[in-house]
Amino acid sequence: MTDLLSLSSRIIDEGVDEGPVNRITQELSVLSDHWSIVESFSHVVSLKTEEGLVCFDTSLRQTAEAVIGSIRSWSTDPFHALIYTHGHVDHVGGAALFINEAQERGDPRPRVVGHENVSERFDRYRLTSGYNLTVNGRQFGGLRGMMEGVRLGGAQSFLPADTPAPDLSFRDRTRMGVGGIEIELRHARGETDDHLWAWIPATRTICAGDFFIWNFPNAGNPQKAQRYPAEWAVALREMAAMGAELFIPAHGLPIAGAERIARVLNDVAGALESLVRQTLERMNAGEPLDQILTGVELAPELLERPYMRPLYDEPEFVVRNIWRLYGGWYDGNPAHLKPAPESRLAREVCALAGGAAALVKRAEELAEAEEWRLACHLIELAAQAVPDDRAVHGVRADLYARRRQSETSLMAKGIYGYASRTSRAIASDRD
Ligand SMILES: [Zn+2]
């Protein structure tokens with residue numbers, strides 16, 4: 001077995017913690033005679049056939065050149081096809097560079113293959129480019145340069161403007177034969193509505209895209225479009241039943257062995273199913289969102305498995321997405337239906353408390369007791385009541401920096417880190 005596969009086996013079987021499993025090295029590892037992977041953001045997984053290379057995903061615009069260089073150390077065959085597992089920028093952003101490389105070498109243009117909803121996603125990205133740039137600046141605040149959008153001649157855009165839409169798309173399932181190797185593409189909604197996973201019977205391999213990411217599934221992302229936890233679980237169960245011997249996700253390590261692959265997929269499916277079941281039961285019983293958020297639970301030992309840790313997304317956010325998917329935006333609190341502007345409410349509460357300083361003092365006490373949720377409410381009220389007060393923003397900056405430390409998920413850390421930086425800038429502004 002290759003290094004990556006024996007590493008993933010050890011981590012899954014023995015629970016050993018050998019450092020990060022999601023690596024962005026741009027290095028290629030050979031997985032078998034047919035398969036290689038370049039660990040990047042996202043990975044690029046290549047299948048060698050007699051008609052050329054079939055690549056699953058193309059990484060980011062910023063990393064694609066290095067990725068292509070690594071693939072070329074393994075094979076100089078032309079790129080026959082680029083298959084988008086879904087339309088997220090870290091999977092499609094590098095595609096134009098693969099196509100340019102083919103052109104420079106005088107190879108035929110690689111075919112681009114993806115689900116039929118990929119084009120609609122690209123349209124949406126063009127409509128919401130500024131929003132998505134802002135969101136990724138918050139979400140990936142620590143990964144400078146990686147997710148910052150691309151400037152190609154004109155304005156900065158979230159999706160590189162020359163990203164090709166699929167030439168070949170499908171709705172539910174399709175098959176393609178390349179160099180005598182059959183590739184079966186199956187659509188399922190999960191992280192996105194344009195996701196596919198691939199089954200290659202000849203090598204008993206699954207390319208899973210982001211259905212499995214070596215973290216708690218990204219099914220709740222607070223700043224992004226709808227995710228589909230129930231359908232995600234169905235897809236994972238379907239993959240688990242295939243008897244695959246090699247499983248290659250687009251983030252994290254590849255996994256070998258049918259039993260091991262089925263075990264991890266069924267584990268993740270079970271966690272998602274439990275969140276959906278609990279949330280729907282409570283929705284059907286008429287509970288408001290607030291009560292559901294505090295009531296739904298997963299067994300803590302599930303979240304300790306090395307491929308289910310809430311380091312990227314987290315269950316609480318998934319519950320909110322389940323509510324959003326099956327319900328309306330009204331959360332059950334009538335004051336939230338047509339609320340006062342937040343600053344008006346903040347000034348009222350501030351006046352009742354005897355001034356912003358009282359709120360700040362209590363926020364600091366609560367932070368000392370690690371009552372982060374309450375502490376943040378109070379510091380927000382103070383900052384909204386006196387938005388130009390540097391001292392208040394100084395406390396707010398410290399409080400969110402500490403809360404960031406106390407959180408596990410990148411999504412929570414990103415948002416709290418952004419809040420902290422915003423207040424730090426106001427607090428240190430000298431005029
Ligand atoms: Zn991804």
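This tour proceeds from the whole chain to its domains, a helix, a single residue and a sheet.

The model is predicted: local features need pLDDT of at least 70, side-chain atom pairs count only at pLDDT 80 or more, and totals for chains, interfaces and linings use all residues. Residues are numbered from 1 along each chain as its sequence is written.

**The whole chain**

Begin by displaying the entire protein chain, which holds 15 helices and 15 strands; helices (H or I, at least four residues) and strands (E, at least two) are DSSP runs, numbered from the N terminus. The radius of gyration, 23 Å, is close to the 22 Å that the globule rule gives for 431 residues, so the chain is as compact as a globular protein of that length. That radius is taken over C-alpha atoms, and the rule is 2.2 Å times the number of residues to the power 0.38. Along the principal axes, the C-alpha atoms fill a box of roughly 75 × 50 × 40 Å. Of the 431 residues, 44% count as buried (20 or more other C-beta atoms within 10 Å of the residue's own; exposed means 12 or fewer, partly exposed in between; C-beta atoms are placed from the backbone).

**The two domains**

Next, colour residues 3-268 as domain 1 and 340-427 as domain 2; these bounds come from an automatic or database domain assignment. Their centres, taken over C-alpha atoms, are separated by 39 Å. The contact (C-beta atoms, placed from the backbone, within 7 Å) takes 6 residues from domain 1 and 5 residues from domain 2.

**Helix α10**

Select residues 315-326, helix α10; its end C-alpha atoms are 17 Å apart, which agrees with the 16 Å expected for 12 residues at 1.5 Å a residue, the expected span being 1.5 Å times one less than the number of residues. Its buried residues are P315, F317, V318, V319, N321, I322 and W323. To see their surroundings, add α7 (229-240), α8 (258-284), α9 (289-295) and α15 (410-427), against which these buried residues pack.

**Residue E380**

Move to helix α13 (residues 372-385), where E380 lies. E380 is partly exposed, with 18 other C-beta atoms within 10 Å. Add E342, 38 residues apart from E380 along the chain; their C-alpha atoms are separated by 9.5 Å.

**The six-stranded sheet**

Finally, show the open sheet of 6 strands, ordered β10-β11-β12-β13-β14-β15 with mixed pairing (strands pair if DSSP finds at least two bridges between them). At the edges stand β10 (173-178) and β15 (255-256), each with a single partner strand, so one side of each is left without a neighbour in the sheet. Within the sheet, β12 (residues 196-200) and β13 (residues 205-209) pair in the antiparallel sense over 3 bridges. Select A198 to find its bridge partner in β13, C207.

Note on methods
Two residues are in contact if their C-beta atoms, placed from the backbone, lie within 7 Å.
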